[in-house]
Structure formats: C-alpha cells, structure tokens
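Please open the structure in your viewer and keep the selection tool at hand. The tour below proceeds stop by stop, stating at each one what to select and what is found there.

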Amino acid sequence: MLVLALGISLSSLIYINGHAVLDVNNHLVENNLPRLISISKLRNAIFAQKPILYEYYATTDRDKFLHDYETQQREIEAGLRTIYIHTDDKTLLPQLEIAVEHLSQHAARLDQTLNTSPIDWDNARQILANVTITESKISPIVDELVSLNRKNVLENGNLAQSKTRLMIQMVIGFSVVIFLIAILIGYYVNAYIAESAERRRLAMFPERNPSPVLRINWDGTIAYANPATTRLLAELDLLSANQLLPDNFAARLTELKTSGQEGLQLEYTKHNRILDCFIHILTDLHSFHIYIADITERKRAEENLVYQAYHDELTGLPNRRMFSEHLHEAIQLTNGESTVAVALLRLDRIKRVLESQGYEASDNLLHTIALRLNALLHENRDLVRGATLFRFEGATFGLLLPEMSNPHQLQLLGEKLLMSMHEPLHVNNQEFFFTLSIGASIFPADGNNTESLIRNAEAAVNRVNTLGGNAFQYYTQDMNDKAERWLDLENGLRRALERNELALHYQPQVAIANNRILGVEALLRWRRDGQASISPAEFIPLAEESGLIIPIGEWVLRTACAQVKRWHDAGFSDMIMAVNISARQFQHPEFTELVAATIKETGINPHYLELEITESVAMHDAEKTIATLNNLRALNLQLSIDDFGTGYSSLSYLKRFPINKLKVDQSFVRNMTTDANDASITKSVILLGQSLNLSVIAEGVETAEQLSMLKQQGCDEIQGYYFSRPVPENELELLLRSNPERTIVR
C-alpha cells in the first residue's frame with residue numbers, strides 16, 4: 001500500500017508539472033518558432049530581389065524579371081502578414097515596411113530605365129547601388145527581429161528546462177524511496193525464494209528443446225529426461241536413457257567429481273550416429289545436467305567440405321593443395337635411401353577441343369583421361385611404389401612418387417604414360433587423339449622444398465611444350481636460366497620506350513633492273529642499358545606474348561613515318577618506307593584508325609608508306625583480313641605479304657587481298673642455289689606474283705649467285721646483306737646524299 005501511495009503521489013506531481021512544461025512548449029511551437037520561420041522566409045525573399053534586379057540589368061529580359069520579381073513580392077507580403085500575427089513588438093515592422101517599399105520603388109525605376117530607348121546605363125547602375133544601400137538598412141532591422149525572437153525562445157526554453165529538471169528530481173527522490181522499500185520487502189521474502197530455488201531450477205529444463213536433456217543424481221541414477229530423449233531413443237532403437245550415455249559413464253562422473261572442473265565434453269558414436277555430450281556438474285545440488293546433441297549431419301558436412309578442399313570436383317582426384325601437403329610430408333620422411341620425384345602432365349592441344357566442342361566435351365575428356373592415367377598407374381604400381389595422380393588446374397595433372405629408388409623408374413613410367421595416349425579417347429560418340437607433355441623434377445637434386453620442385457617441374461613441362469609436346473623431360477638448370485632471362489627481358493622491355501633504348505635501322509630495298517634504292521624496310525633494334533644489342537628474334541616474340549608489341553608497334557610506325565617524311569623533305573621524294581605489322585597490331589580493332597592518325601600527324605604522303613603483314617597473319621581469319629586490308633588501302637598506302645611461301649595461302653583468298661607486293665621468305669632464297677625445291681618454290685612465288693600483277697621482292701639475298709638467279713626468274717626487287725645490312729638513319733642518309741642516283745654498285 002505504501003508503494004501504491006507513493007506511486008499515485010509521484011504520478012500527480014508529474015501530471016501537474018507536465019502540463020506546465022506542455023504550456024511552455026506550446027508557446028514555443030505556436031508562437032516563437034513560427035515567428036522565427038516567418039522572419040527567415042521574409043529575409044530570404046527580401047534579399048532575393050537584388051539578384052533578380054542584377055540579372056534583369058545583365059539580360060534585359062523583362063518577362064523573366066516580372067515573373068521572378070512578382071513571385072518574391074508575394075512572398076514578402078505573406079511574410080509581413082505572418083509577422084504581424086505572431087509578433088508582440090510592432091515598433092520595428094513599420095521601419096521594415098518602409099525599407100521594403102524603397103526596394104520596390106528602385107525596382108520600378110530600374111524597369112522604367114531598362115525599357116526606355118536608349119537605355120541610360122549609368123542611371124541603371126546608380127539604381128542598383130541604391131538597392132545595395134537600402135538592403136544594408138534592412139539587414140539591422142531583420143537582425144533585431146531575430147534577436148528579439150531568439151531572446152523569447154531562450155527564456156521559454158530555460159523555463160521548460162527548469163520544470164523538466166524539477167520533474168526528474170522528483171522521480172529520482174521517489175525512486176530512491178521505493179528502492180529502499182523494495183530492499184525491505186526482499187529481505188522478508190528471501191526465505192521463500194530459498195525454499196523454491198530447487199523448483200525453479202527444475203522449471204528451467206527445456207521441455208521443448210529438440211535435443212536430449214537429462215538430470216543425473218549424484219549416485220548416477222537418472223532423475224529427469226526431456227521428451228527429446230525419448231524421441232532419440234526410438235530413432236536409435238534403444239530401450240533406456242542409460243544406453244544413450246557414453247561408455248564408462250560412471251567412471252567419467254567420478255573423474256569429474258574429483259577434477260574440480262565445471263564440465264566435461266565427450267564425442268562418441270551410437271548406432272552409426274555421432275553424438276556430442278556435455279556434462280555440467282552442480283556440486284551444491286549433488287547432481288549433473290547432461291546435454292546431448294546429434295551432430296552426425298554437421299560432421300558429414302565438415303568431412304564433405306574437407307574433401308572438396310582437397311579434391312578436384314571434375315575428376316575426383318586429389319588437387320594441388322593436397323599435392324603440396326603430401327609432397328611436403330614425403331620430403332620430411334625421406335630417409336636418404338630413396339628420392340622423391342614430382343612430374344607434371346599437361347595435355348597438348350586441349351584448347352582446340354574447347355574451341356570446337358565446348359566446355360562440356362572438354363570436361364568429359366579430362367575425366368576420361370584421368371581415369372585412363374589412374375588405371376595405368378594402378379597397373380604399374382610395382383614399378384614405382386606409392387605413385388599418386390593429382391589434378392592441378394586446366395589440362396595439367398600432377399604425379400607424386402614418394403619412394404623412387406632410381407630415376408629410370410620415372411622415365412619408364414613416363415614413356416608408358418605417353419604410349420597410353422596413342423589409343424583414341426571416346427567421348428560423346430567421337431574419337432579424340434591427344435598427346436602429353438611431361439616434365440619432372442627430383443628431390444633433392446632439383447630442389448629442397450615443395451615450391452622449388454613444383455616450379456622446376458613446370459619449367460621442364462614448359463620446355464616440352466615449346467618443343468612441340470608428346471615427350472618426357474627432366475628438369476635442367478638452364479631451364480630456369482632461360483626463364484629468368486625471359487623475365488628479365490620482359491621487365492627491361494617494359495621500360496625500353498621511356499628510356500629511349502629502342503631504335504630503328506633501315507635496310508635498302510633495291511630494284512634488280514638498275515640497282516636503284518626504291519625504299520627501305522624499318523627494322524627494330526634494342527640496345528639495353530648501353531649493353532650489346534639484343535636480337536629481335538629474342539625480344540620480338542616476348543613483346544608479342546606480353547602485349548608490349550602494341551605500344552612498341554605504335555612507336556615504330558610513328559618513328560618510321562616521321563623519318564621518311566624528313567627524307568622526302570630533303571629531296572628523296574619517292575622513297576618508300578616499309579614497316580612490319582605484328583599479328584596483335586593487325587588484329588587490334590582500332591589499327592586502321594591508328595594508321596590514319598599517324599599519317600595525319602607526321603604529314604607523309606601515304607602512297608610511300610608500305611605495311612607488311614606475314615602470310616600466317618593474313619590467313620588467320622581471311623575474311624576479317626580482307627576487310628582490314630580494304631580499309632587500309634582506302635588510306636592510299638601500299639600493302640605487302642611478308643614471308644610468303646611459309647604459310648598455306650589459298651589462291652582464292654590471295655587474289656582477293658588488295659595487296660601490292662609479295663615478299664619471298666629468306667628461308668627459300670638462302671638455299672635456292674643449292675636446293676632445287678627452294679629454287680622451285682621461289683620461282684613459283686615470282687610467277688604467281690606476276691600473274692596477279694604484283695611486285696615481288698626477295699629478302700635475305702647475300703650472294704651474287706642468288707641475285708643472278710632471281711634476276712633470271714623475273715624478280716622485281718631484292719633486299720639483303722648482298723647490298724646492305726640494316727643501318728642507322730645517319731648512315732643511310734649519308735649513303736643517299738653521296739649518291740643522288742641512289743644506285744648501289746657491287
């Protein structure tokens with residue numbers, strides 16, 4: 001009753017003071033805040049007139065001025081009316097109205113001035129100056145209105161804060177009293193709480209818990225089991241809850257009693273179900289609480305995750321992660337009497353199947369190959385004990401031999417693996433033939449850790465791929481040397497342009513009829529860090545593979561065009577500049593635009609620019625090649641097919657190529673005086689060019705005999721060391737200036 005009385009008293013006082021706070025807040029909301037908002041809107045509307053007047057002065061757009069100005073006037077009138085309603089002090093408003101009226105008069109005079117022809121601009125500027133003066137008078141009036149309103153807001157806010165603080169103090173005071181009374185009451189009911197503690201603990205057992213919960217007496221007998229226990233007993237076909245408990249349960253309880261621990265967790269199996277049991281000891285009550293959970297599905301899911309982490313989904317073989325771990329273990333366990341061998345098996349030409357048949361057929365092939373390789377290992381398990389096949393990524397498999405006593409064993413196994421691929425693979429009612437590239441490394445000769453052994457085996461298999469595949473190769477040190485050389489060259493080539501290490505040399509192209517230099521071919525050279533020149537045969541393929549050929553090719557084209565333009569300006573007006581175009585350049589979708597931009601930038605006559613593409617590039621996608629060549633010919637430049645005779649050009653396509661010249665590959669020219677086949681091929685190319693009205697140039701001419709034979713066969717031009725090696729621009733320019741007729745005599 002005392003607590004009830006105190007509560008009623010507190011509620012009454014809160015009600016009375018709450019109404020007082022509400023009255024103050026209502027005054028703030030209904031008077032002070034609307035007044036502040038009205039003053040803010042009025043101020044914005046008044047000061048918005050000046051930008052409108054300045055815009056009118058700048059644009060003389062009277063319709064827009066009248067629309068904007070009238071809008072602001074309406075807002076000003078509405079603001080003044082609102083302030084009259086909510087303000088208590090009327091002394092400032094007349095002053096404000098007078099100032100606003102002055103602004104209106106200035107606006108009217110400005111409107112009249114700007115609509116009188118001719119416009120008196122000096123008078124207009126004076127009016128705008130008066131507007132600024134009037135605004136400066138309005139600002140203090142508005143500020144004083146704001147100040148008065150702020151004072152009222154602060155007074156009402158302080159009053160509301162004071163009344164609210166009083167309410168809080170009353171609540172705190174009454175709360176302290178009620179808390180003391182509650183302590184007193186708690187003291188008297190403590191005995192009742194102590195007596196009902198056991199009942200409350202029993203009530204906490206989760207009857208609806210889906211997992212079994214039991215209470216065990218101190219002597220080991222079961223005092224309680226929830227319904228979930230009965231359900232699990234039925235599922236496992238057990239008769240009593242005792243059978244659900246772990247083996248040696250009594251000994252476990254005794255151990256827990258003497259250990260001083262609060263609980264014990266056990267994991268065990270009952271009827272092929274994995275159970276997790278937690279035993280919680282309640283020493284003060286001389287009992288145990290048992291919580292049992294069926295974790296069979298979770299354990300299976302965990303095992304499945306582990307399996308997926310260590311196995312390839314497609315083939316079911318252990319994956320690269322397991323390969324690395326098993327290899328590490330094998331290295332640790334080696335006893336010095338045997339060696340550990342690593343082999344990588346890479347399927348050759350699987351990309352062709354992917355391109356023609358799709359991913360599903362490729363996956364089926366890889367699965368079939370995995371089965372065949374695994375079966376072969378099983379058949380030869382006596383040859384190399386413990387040999388295990390792994391699936392890496394793509395078409396690469398790993399082979400681990402943890403107990404190899406003789407390297408010849410792996411060599412023999414590799415040969416059997418290669419031979420196993422001679423039989424066709426039958427997938428989706430089709431026959432497929434493949435070969436393997438196999439590279440191997442041996443511990444400790446080729447590496448003393450997992451990473452180095454795998455890296456070196458990969459270097460070996462890459463060497464096999466480079467040489468055409470279908471072979472077995474042990475790792476040798478020079479493989480890494482070449483790989484490091486390749487990486488070093490790539491890093492250097494990436495900065496060759498910015499370091500000005502690239503240069504062009506020019507090899508004359510000479511007319512056979514009169515030995516006159518008709519033009520030159522631009523050939524790229526790289527002198528790295530002041531060292532000896534690096535062979536183009538070494539760095540050009542690297543540039544192609546890495547994609548650096550695109551920026552390098554742009555630099556070559558731009559530099560060659562600029563150089564021939566300088567020669568034309570120097571008087572050698574009909575010199576032709578031939579530039580080799582790489583496969584990546586030619587296939588780039590913006591290549592034609594690049595050539596056109598370069599011609600425009602350098603200012604050359606495009607008729608004297610000749611672009612050379614190889615026969616293999618031209619035939620890669622013949623229809624697309626024809627379209628690109630037609631676009632280039634539209635620029636009025638010359639086109640030639642380089643290395644002709646080394647590819648497989650179709651005459652039906654060749655006659656459609658809009659080209660001007662064929663270049664006989666130097667491999668035929670080099671041996672034409674000693675090899676009848678090369679001589680016949682060279683003659684056939686020359687005759688083909690003549691039949692198609694194309695010029696024919698032979699490259700790689702080094703002897704007078706070669707020149708004589710080419711002349712007899714009707715070749716038009718030659719290029720080679722017989723007349724000149726590729727030379728820098730200054731040497732070629734010296735040759736041209738010393739020989740105005742541009743003839744070379746040998």
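**First stop: a pair within one helix**

Select Lys64 and Asp68, whose side chains form a salt bridge with the closest N and O atoms 2.8 Å apart. The model is a predicted one, and the distances quoted on this tour are computed from it.

Now display helix 3, which covers residues 62–86; Lys64 and Asp68 lie 4 residues apart in this helix, so about one helical turn separates them. Are these two residues buried or exposed? Lys64 is partly exposed, its relative accessible area being 36%. Asp68 has a relative accessibility of 18% and therefore counts as buried, since the cut-off for that class is under 20%.

**Second stop: the cavity beside this pair**

Keep Lys64 and Asp68 selected and add Ile52, Glu55, Tyr56, Thr59, Asp61 and Phe65; these residues, with Lys64 and Asp68, line the largest cavity. The space in this cavity amounts to about 40 Å³. The count of cavities of 30 Å³ or more comes to 1.

Which elements give two or more residues to this lining? They are helix 2 (49–59) and helix 3. Helix 2 supplies the largest share, with 4 residues. Colour the lining by class, and 3 nonpolar, 1 polar and 4 charged residues appear.

An explanation of how such spaces are found may help here. A probe the size of a water molecule is rolled over the atoms, and this shows where empty space is left.

**Third stop: a pair that links distant parts of the chain**

Next, select Lys270 and Asp247. Their side chains meet in a salt bridge, with 3.6 Å from N to O. This pair links distant parts of the chain, as its members are 23 residues apart. Lys270 belongs to strand 3 (residues 263–270), whereas Asp247 is in the loop between helix 7 (227–236) and helix 8 (249–259).

The two partners can also be described by their accessibility. Lys270, at 14% relative accessibility, counts as buried. Asp247 is exposed, having a relative accessible area of 57%.

**Fourth stop: helix 9 and the loop after it**

Move to helix 9 (residues 296–310), where both Arg300 and Glu297 lie, 3 residues apart, or about one turn of the helix. A salt bridge joins Arg300 to Glu297, and their closest N and O atoms are 3.6 Å apart. Arg300 counts as partly exposed at 46% relative accessibility, while Glu297 is exposed, with a relative accessible area of 58%.

Then select His311, in the loop between helix 9 and helix 10 (320–333). His311 has a relative accessibility of 19% and so counts as buried. What is His311 in contact with, leaving aside its neighbours within four places in sequence? The residues to display are Gly316, Leu317, Pro318, Asn319 and Met322.

**Fifth stop: the largest pocket**

Select Glu521, Leu523, Arg525, Pro536 and Asn580. Of the 34 residues that line the largest pocket, these are the closest to its centre. About 960 Å³ of space lies in this pocket.

To see the wider lining, display the elements that each give two or more residues to it:

- the strands: strand 14 (517–527), strand 16 (576–580), strand 17 (609–614) and strand 18 (638–644);
- the helices: helix 16 (536–546), helix 17 (549–569) and helix 18 (583–587).

Which element provides the largest share of the lining? It is strand 14, with 5 residues. By class, the lining of the pocket divides into 15 nonpolar, 10 polar and 9 charged residues.

**Last stop: the whole protein**

Finally, clear the selection and show the entire chain as a cartoon. The protein contains 26 helices and 21 strands. Of its 746 residues, 42% count as buried. The count of salt bridges comes to 25, and the pair of Lys64 and Asp68 is one that this tour has visited.

Switch to a surface display. The protein exposes about 40,200 Å², and carbon and sulfur atoms supply 53% of that area. Among contacts in the protein with a separation of 6 or more, 65% are between residues 24 or more positions apart.

Definitions and conventions:
Residues numbered from 1 in each chain as written. Predicted model: local features only at pLDDT ≥ 70, side-chain atom pairs only at ≥ 80, totals over all residues. Heavy atoms only, no water. Buried < 20%, exposed > 50% of the residue type's maximum accessible area, 1.4 Å probe, protein only. Contact = heavy atoms within 4.5 Å. Areas by Shrake-Rupley, 256 points an atom, 1.4 Å probe, with all protein chains shown as cover. 1 Å grid on protein atoms, 1.4 Å probe; cavity = no way out; pocket = protein on both sides within 12 Å on 5 of 7 lines; lining within 4 Å. Points joined across faces, edges and corners; volume = space filled by probe spheres on them. Nonpolar A, V, L, I, M, F, W, Y, C, P; charged D, E, K, R; others polar. Salt bridge = Lys/Arg side-chain N within 4 Å of Asp/Glu carboxyl O.
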